Amino acid sequence: MGVFDWRCIGHGVAANLVVNTLGWAASCAYSTDLLYDAFGALAHVSTVICCMGCTPHVLTFPVLVAGGMVITWAIRLGSFLLLRILARGGDDRLAAFKNKPVKFGVLWLLQAVWVANNCAPLLAMLGSGPKAAALGWFDLVAMTVWVGGFLIETIADEQKRRFRVKPTNGGQFIRTGLWAQSRHPNYFGEIVLWVGFALFCAPRVGVGTHSLLSLTLLSPLLPAVLLLKVSGVPLLESKARRKWGSDPEFQQYLQRTPVLV
């Protein structure tokens with residue numbers, strides 16, 4: 001059994017903390033809430049690049065695929081959220097914190113924890129040392145799960161964006177496309193893609209005392225909990241009920257459409 005290389009963990013944690021600290025400092029300096037999601041995406045990309053940079057001897061094709069999964073997702077979602085928040089002129093979730101550096105700092109720290117959790121399967125794979133370079137059937141299944149989740153999230157976001165830019169849809173709620181099958185298809189897609197990512201990385205995480213296999217397999221739980229119980233579904237459902245709660249069509253939509261699937 002090989003010795004786990006903790007350097008990649010250190011490099012990843014450092015990159016993550018530096019990016020989020022810079023984002024917090026800039027946000028406080030300019031009293032803005034526009035940078036949070038963009039720096040979250042940048043932290044994912046920086047963590048992956050720094051970890052790969054310190055372990056070039058293990059950069060097999062599967063490792064590059066895993067890194068590509070994180071970077072592709074981060075760039076896509078980060079750019080989407082940044083453009084959306086710029087169009088809106090602010091982030092309702094963070095408006096109350098942007099002038100309170102300490103409380104705002106807690107949110108940035110929580111984002112750093114979220115980034116570390118999402119990248120944990122890749123860090124565990126890199127630290128475990130060189131593994132088989134060929135892709136097997138299980139890898140293809142995991143990749144399919146990731147691609148499926150990625151496409152669902154991307155399509156759902158785009159469908160909602162197009163719905164909102166149409167003047168005739170002003171003041172209405174979306175119930176077409178994927179949103180006719182789920183009240184939060186974008187969240188469902190994100191949960192699925194992180195499950196696929198963890199499954200792809202897990203077979204290449206070493207077993208034994210220094211193994212992070214458990215962390216790898218459990219990592220999708222945090223984004224799922226955050227989306228379903230903390231910052232995702234609860235906030236949006238509450239906002240929607242306040243806005244359309246008395247609308248009979250909205251009540252019918254709630255009754256016939258599941259939260260996820």
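Biologist: What makes the length of helix α5 (residues 137-165) agree with what a helix should span?

Modeller: The expected span is 1.5 Å times one less than the number of residues, and for the 29 residues of α5 this comes to 42 Å, which agrees with the 42 Å between its end C-alpha atoms. Please keep in mind that this is a predicted model, in which local features need pLDDT of at least 70 and side-chain atom pairs count only at pLDDT 80 or more, whereas totals for chains, interfaces and linings use all residues. Residues are numbered from 1 along each chain as its sequence is written, and side-chain values use heavy atoms, with hydrogens and water left out.

Biologist: What makes a stretch such as α5 or α6 count as a helix, and how many helices and strands does the chain have?

Modeller: Helices are DSSP runs of H or I with at least four residues, strands are runs of E with at least two, and both are numbered from the N terminus. By that rule the chain comes to 10 helices and 0 strands.

Biologist: Which residues of α5 are buried, and which helices do they pack against?

Modeller: Buried means under 20% relative accessible area, exposed means over 50%, and partly exposed is in between, with a 1.4 Å probe and protein chains only. Among the residues of α5 that are buried are W146, F150 and F163, and the buried residues of this helix pack against α3 (61-88) and α6 (185-201).

Biologist: Why is α6 called largely enclosed by the rest of the structure?

Modeller: Of its 17 residues, 14 are buried, so α6 is largely enclosed by the rest of the structure. Its length also agrees with the helix rule, since 24 Å is expected and the end C-alpha atoms are 25 Å apart.

Biologist: Why is G67 called buried, and what does this residue touch?

Modeller: G67, which lies in helix α3, has a relative accessibility of 1% and therefore counts as buried. Contact means heavy atoms within 4.5 Å, and, not counting residues up to four places away in sequence, G67 touches V48, M52 and L122.

Biologist: Where is G40, and why is G40 called buried?

Modeller: G40 has its place in helix α2, and its relative accessibility of 1% is the reason why G40 counts as buried. Leaving aside neighbours within four places in sequence, G40 is in contact with Q111 and V115. The C-alpha atoms of G40 and W108 are 8.7 Å apart in space, although the two residues are 68 apart in sequence.

Biologist: Why is S31 called partly exposed, and what is its phi?

Modeller: The relative accessible area of S31 is 29%, which is why S31 is called partly exposed. S31 is found in the loop between α1 (7-29) and α2 (36-53) and has a positive phi of about 50° although it is not a glycine. Most residues other than glycine have a negative phi.

Biologist: How do you know that the radius of gyration of the chain agrees with that of a compact globule?

Modeller: The radius is taken over C-alpha atoms, and the globule rule is 2.2 Å times the number of residues to the power 0.38. For 261 residues this gives a radius near 18 Å, and the chain has 20 Å, which agrees. Along its principal axes the C-alpha trace spans about 60 × 45 × 30 Å, and buried residues make up 45% of the 261 residues.
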